[in-house]
Each structure stands twice: as C-alpha cells, then as structure tokens.
Amino acid sequence: MAHDHNHDHAPSSDTPLRALLVALAVTATVFVAELVGGWLAGSMALMADAMHMLSDAAGLIIAVLAVLVGRKQASRHATYGYRRVEVLAALVNAVLVLAISVWIVVEAIRRLRAPADVHGETMLLIAVIGFAANGISAWALHGHRGDSINVRGAFLHVLVDLLGSAAVIVAGIVVMATGVAVADAVASLIIAALVLPRAWQLMRQSAGVLLEQVPEGFRTAEVEEALRATAGVANIHDLHLWSLDGVNVLATVHVVGAAGTDSGPLLDAVQHALRELGIEHSTIQIERPEHESHEQVC
C-alpha cells in the first residue's frame, strides 16, 4: 500500500515581501506629504489621514518583520515554524488602527463644534497625491491577499487609505467651491467610519486564529458528517480544526474503523474526504472499535 502523507509545516516562500516593501515606501512618503500639507492647509481630514498613514506605516513595518521571522524553518524548538508571528502582526496592526480611528472621531467632533480655517487648494492637491500613491500600494498588494492574514491586513489598510483620500478630495472640492470648512471634519468622520469596522473584523479574525478557533468558512458539524459518511468509518471523536496562519486549515481526528476494515485504505479515504473540504494537512489516529472505550475525549 502506498500512502502519500504530507507533513510539511515549513513556511511559504511566496509571501510577497517585495510588495510589502513597495507599500511601506509609498505609505511613508504619503504620510510626510499629508502631515506637512495638513499643517499648511489647516485640514483636519488630511491630518487624520496622515495619522492613519502613520499607523499603516507602523503596521507595514511589523508586517515586513513578521514575514522575515515567519520564513524561518521549523525546528525542534518550534515544530510548527513561525508563521503565527504574522497573525500576531495582524492583531497589533488592527489594534493600532482602532486606536487611531478613535482619535480621528474625537478630533473631528471637536472641529464640528469649532470649525477651523481650511485651505481647500492645498488640501485637494495633497489628497490627489495620496490617492495616486495609495493606488500604487493597493495594486502591489492586491494579487497577494490570499498569501497570509498579515498581507490581507496590509492590503485592507491601503484600500481604506485609498477610500480616505477620495473622501478628502471630495471635501477639498466642497471647501474650494463653498468655503464650508465643516466638510473637512465630515470627511474625517467618513474616514473613521471606513476604518473602524474593517479593523474590528481583522482583530476578531486574528484573535480567532491565536485562540485556535475553527477557521471562518468551516463548520465542525459538516466535517463530522463527511467523515462519518466515509466508507469504513464506524465513528469519529476528538475532531479539532484550527489554523496556524489564518490561511491554511489543519485538522486532527480519531477515527474508529468498522470491524474488518484495513487501516491503510481507511486512512487514505479519510484524508481524501478532508482534502475535498479544503483541509490539506491532517493528523489522523485510526482505532479499533474495542479501543474506543479507553479514550479520553477532549
């Protein structure tokens, strides 16, 4: 009997480090431009977007470091490798953005109560530059979103920056056309509204991975049903589903074989059933019916 069992936990070499570095360089440049431009124009929206860019730059630095650490091979000390470092980076990134978003809301409300003078022309010029730069970053990261939760988080921030720049452009046009400075504060609130739910979602997803919860898109009941329907399976228990990196799903399960079933073909059949569900790596313990009473199920 030939059994092909893939137990490779080595980190992927395809993580787009170059794309992250491009996004980091662009984000840092836009941060400086928006910070200076926001100060010159007196624009809260530009300053808010600059602070968001600062958090993104910090997040991208963390993401780059996480990729470098995550590429380290598995060892006797770290048998799963270091891919979970990228999940930690995504969690830190989300918390940073949530904190910045709260600051934006507080400052925008203060501006609504006491509007400040805003130079619409400078605001519009810097926002257009930011929009173009964020477009470049989004393009660099777009094709790599599925590589890791870390890169997915970086792309999310760049996308929100792109939308935020669009909001500032609209606000700049309104200020130039009408002189209504409140549009600047309104744009700031729109940016916060775009950022908060996405950052919250990323934080929940990252925390779920760290807590080894069942990955999104998978249901334990469906996996159980598929395994119980596999030929030669009398019962299953101790089924666990989790992910190391937020992308790949792993499973462990104890399978009780029917009387007279050969364990080799049964193992292959169970692994095939899991692969059909999108679970490529699994650890399966095949048991005889008489052994089930000796198990401690967790």
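Which residues does the UniProt annotation "transmembrane region" cover?

1. Quick answer to that: the unreviewed UniProt entry puts the annotation on residues 20-41, 53-70, 90-110, 122-142 and 162-195. Keep in mind that what you have on screen is a predicted model.

2. Two of those annotated spans are worth a look in the coordinates. Residues 90-110 are 100% helix with 0% strand, and the C-alpha atoms at the ends of the span sit 31 Å apart. Residues 162-195 are 91% helix, again with 0% strand, but here the end C-alpha atoms are 11 Å apart. For orientation, helix H5 runs over 149-178 and helix H6 over 182-210, while the annotation treats 162-195 as one stretch.

3. On to the packing. The largest nonpolar core has 36 residues, and Met123, Val168 and Ile191 are the ones that touch the most other members. Helices H1 (17-41), H2 (44-70), H3 (84-113), H4 (120-142), H5 (149-178) and H6 (182-210) each give two or more residues to this core. The top contributor is H6, with nine residues.

4. Further along the chain there's a sheet. Three strands make it up, in the order E1-E2-E3; the sheet is open and its pairing is mixed. E1 (233-243) and E3 (281-287) are the edge strands, each pairing on one side only. On average, neighbouring strands are turned by 15° against each other, ignoring direction.

5. Zooming in on one pair: E1 and E2 (residues 249-257) run antiparallel and are joined over eight bridges. If you want a spot to check the register, Val233 stands opposite Gly257 in E2.

6. Helix H8 (residues 263-276) lies across E1, E2 and E3. Relative to E3, H8 runs at about 145°.

7. How many salt bridges does the structure hold? There are two. One joins the side chains of Glu222 and Arg219, at 3.7 Å from N to O. Arg219 counts as exposed because its relative accessibility is 52%, just past the 50% cut-off. Glu222 is at 43%, so this residue counts as partly exposed.

8. The other salt bridge links Arg275 and Glu280, with 3.9 Å between the closest N and O atoms. The cut-off is 4 Å, so this pair still makes the list. Arg275 counts as partly exposed because its relative accessibility is 31%. Arg275 also falls within the residue range of H8, 263-276.

Conventions
Residues numbered from 1 in each chain as written. Predicted model: local features only at pLDDT ≥ 70, side-chain atom pairs only at ≥ 80, totals over all residues. Heavy atoms only, no water. UniProt positions renumbered as here; feature names shortened; annotations may be inferred. Helix = DSSP H or I, 4+ residues; strand = E, 2+ residues; numbered from the N terminus. Buried < 20%, exposed > 50% of the residue type's maximum accessible area, 1.4 Å probe, protein only. Pairing = 2+ DSSP bridges. Axes fitted to C-alpha atoms, helices over the stretch in contact; angles between N-to-C directions. Contact = heavy atoms within 4.5 Å. Core = buried A, V, L, I, M, F, W, Y, C linked by side-chain atoms within 4.5 Å.
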